[in-house]
Amino acid sequence: MLSRVQAAPGRRLRVDIHEEMTKVAFNIIARATFGTSMTEPERNRLSDILTRIQAFYVRTVRQPYLRPWFTATGTFGRHDAFSRELRELIRGYIRQRQAVSPTAAPPDDLLQMLLDARYEDSQEPMSENQLLDEVNILLLAGHETSANALSWLFYLLAAHPEVATKVRQERATAGLTGRAPEFSELPQLPYSQQVIQETMRLYPPAWILDRVALEDDEFQGLPIPKGTLFSIYLHGLHRHPGLWPEPDAFRPERFAPDAQPPIPAYAYLPFGGGPRLCVGSHFALTEIQLVLLEGLRRFNLAPASAALPGTDPLITLRPKGPLWLDITTA
Ligand code: HEM
C-alpha cells in the first residue's frame with residue numbers, strides 16, 4: 001500500500017496522511033480477520049460504513065438532545081440501515097467460510113480462530129450473532145485506533161525530523177536497511193518503539209474511557225453512587241504536569257528503560273488497564289512499528305503547514321479534517 005504513495009524523483013507529493021493511514025490500518029485488520037477472501041472494493045465499503053456508523057452514533061451519545069431531530073430527519077433510520085448492511089456483509093463471509101470443504105486446509109486468520117473456538121464447559125461453538133459481534137469489534141477496535149496512532153506518528157516525525165533521523169540511525173546500526181524487518185527483529189529497534197509510546201502519550205487514540213459504577217463507591221471523599229457514568233480522561237492524564245515534565249513536548253527518550261524520572265505507575269494507559277485491557281495491543285504495536293519503519297525507509301516527511309493540527313475527539317482521537325504532509329522519496 002505504501003508503494004501507491006510515490007513522489008516522482010525530486011518532486012513533492014502532498015498527502016492527507018490520515019486518509020492513507022485509515023486505508024492501511026483497515027487493510028491490515030481486514031486481512032488479518034478474513035485472510036485474502038475479501039476484495040479491495042469490499043474492504044473499502046466495509047471501512048466506509050464503519051466510519052459513518054461510528055461518527056453518527058457517537059453524536060447520539062454525546063449530544064443526546066439531538067435525538068428527536070435525528071429521528072425526525074430519518075438519520076437514525078439511515079444509519080440503522082448501514083448497520084444492517086454491515087452485518088449482512090459479514091454474515092455472508094462467515095457463511096462462505098462455513099461452506100468450505102472440511103478437507104481443505106483451514107485458512108490462517110482470525111475468523112477461522114473464532115469459528116474454531118469452543119466453550120470450555122459445553123464444547124459448543126459461538127452462535128452466528130456472537131461471531132458477528134466479535135468480528136465487528138475486531139474491525140472497529142482494530143482500525144480507527146491504529147489509523148489515528150499512525151497519523152499522529154507521521155505528523156510528529158514530520159514536525160521533528162531529528163527524531164526521524166534517530167529512528168533511521170538505529171535501524172542502520174542494527175543492519176536492517178534496505179528491507180522490511182522481520183517480526184523477530186522488531187525488539188532490536190527500541191528507539192522506534194519509544195517514538196510510538198510517546199506518540200500515544202501525546203495523542204492517545206482512546207482519549208477517554210467510560211465506566212459505570214456497579215456499587216456505591218467513593219474516591220478521595222467524593223461519593224460515587226451506584227449507576228454513575230463517569231469517564232477516565234486519558235488525554236488529560238497523559239499531559240498532566242504533575243506526572244510528566246514538559247508534558248506537551250515530544251520526547252521519545254522519556255520511555256527509555258533508564259530514563260529519569262521513571263514513568264509513574266498508572267500515568268500511561270493508552271491501551272486501558274485491568275480486565276478490559278486492549279486484546280489487540282501487541283497486534284497494534286507490531287503493525288505500527290512495521291509501518292513506521294517502512295514509511296521512513298521510503299519517504300522524507302514535512303508538515304504542509306506550521307500550524308498545530310486540530311483534534312476531533314470522537315470515540316477515538318482523530319485529526320480535525322485532513323492532515324496534510326509533504327512527502328519526498330527518501
Ligand atoms: C493503537 C491502537 C489501539 C489502541 C490505542 C487501543 C486501545 C484500547 C483501549 C484503551 C481499550 C479498552 C477500552 C476500555 O477499557 O473501555 C481497548 C479494548 C479493545 N481493543 Fe484495542 N486498541 C488498539 C488497537 C486494537 C487492535 C489492533 C485490536 C484488534 C486486533 C483491538 C481490539 C480491542 C478489543 C476487542 C477491545 C475490547 C476488549 C474487551 O473489552 O475485553 N485494539 N483498546
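By class, how many nonpolar, polar and charged residues does the shell around the ligand have? In this predicted model, the shell is made up of 15 nonpolar residues, together with five polar and two charged ones. The ligand itself sits in the largest pocket, and 22 residues are found around the ligand, of which Gly 142, Thr 145, Arg 211, Arg 276 and Cys 278 come nearest.

The shell can next be described by the parts of the chain that contribute to it. Both domain 1, which spans residues 14-141, and domain 2, which spans residues 142-330, provide at least three residues each to the shell around the ligand. In terms of secondary structure, at least two shell residues are supplied by each of the helices α6 (128-141), α7 (144-159) and α11 (281-298), and at least two are likewise supplied by the strand β2 (208-212).

Several contacts between the protein and the ligand were then examined at the level of single atoms. The iron atom of the ligand has a single donor from the protein, namely the SG atom of Cys 278, which is placed 2.3 Å away. Cys 278, which is also listed among the residues that come nearest to the ligand, belongs to the loop that runs between α10 (234-238) and α11. Two arginine side chains approach oxygen atoms of the ligand: a polar side-chain atom of Arg 211 lies 2.7 Å from one ligand oxygen atom, and an N or O atom in the side chain of Arg 276 is likewise 2.7 Å from an oxygen atom of the ligand. At Ala 141, by contrast, the contact involves the backbone, since a backbone N or O atom of this residue lies 3.4 Å from a nitrogen atom of the ligand.

The loop between α10 and α11, which holds the iron donor Cys 278, also contains two backbone features that deserve a separate description. Gln 260 and Pro 261 are joined by a cis peptide bond, with omega at about -5 degrees, and Pro 261 is found in this loop between α10 and α11. Glu 246, whose place is in the loop between α10 and α11 as well, has a phi near 45 degrees, which is a positive value in a residue other than glycine.

How values were computed:
Residues numbered from 1 in each chain as written. Predicted model: local features only at pLDDT ≥ 70, side-chain atom pairs only at ≥ 80, totals over all residues. Heavy atoms only, no water. Near = heavy atom within 4 Å. Polar contact = N/O pair within 3.5 Å; in protein donor to acceptor, adjacent residues only side chain to side chain. 1 Å grid on protein atoms, 1.4 Å probe; cavity = no way out; pocket = protein on both sides within 12 Å on 5 of 7 lines; lining within 4 Å. Sits in = over half its atoms within 2 Å of the grid points. Helix = DSSP H or I, 4+ residues; strand = E, 2+ residues; numbered from the N terminus. Nonpolar A, V, L, I, M, F, W, Y, C, P; charged D, E, K, R; others polar. Domains from an automatic or database assignment. Donors = N, O, S within 2.8 Å, 3.2 Å for Na, K, Ca; no water.
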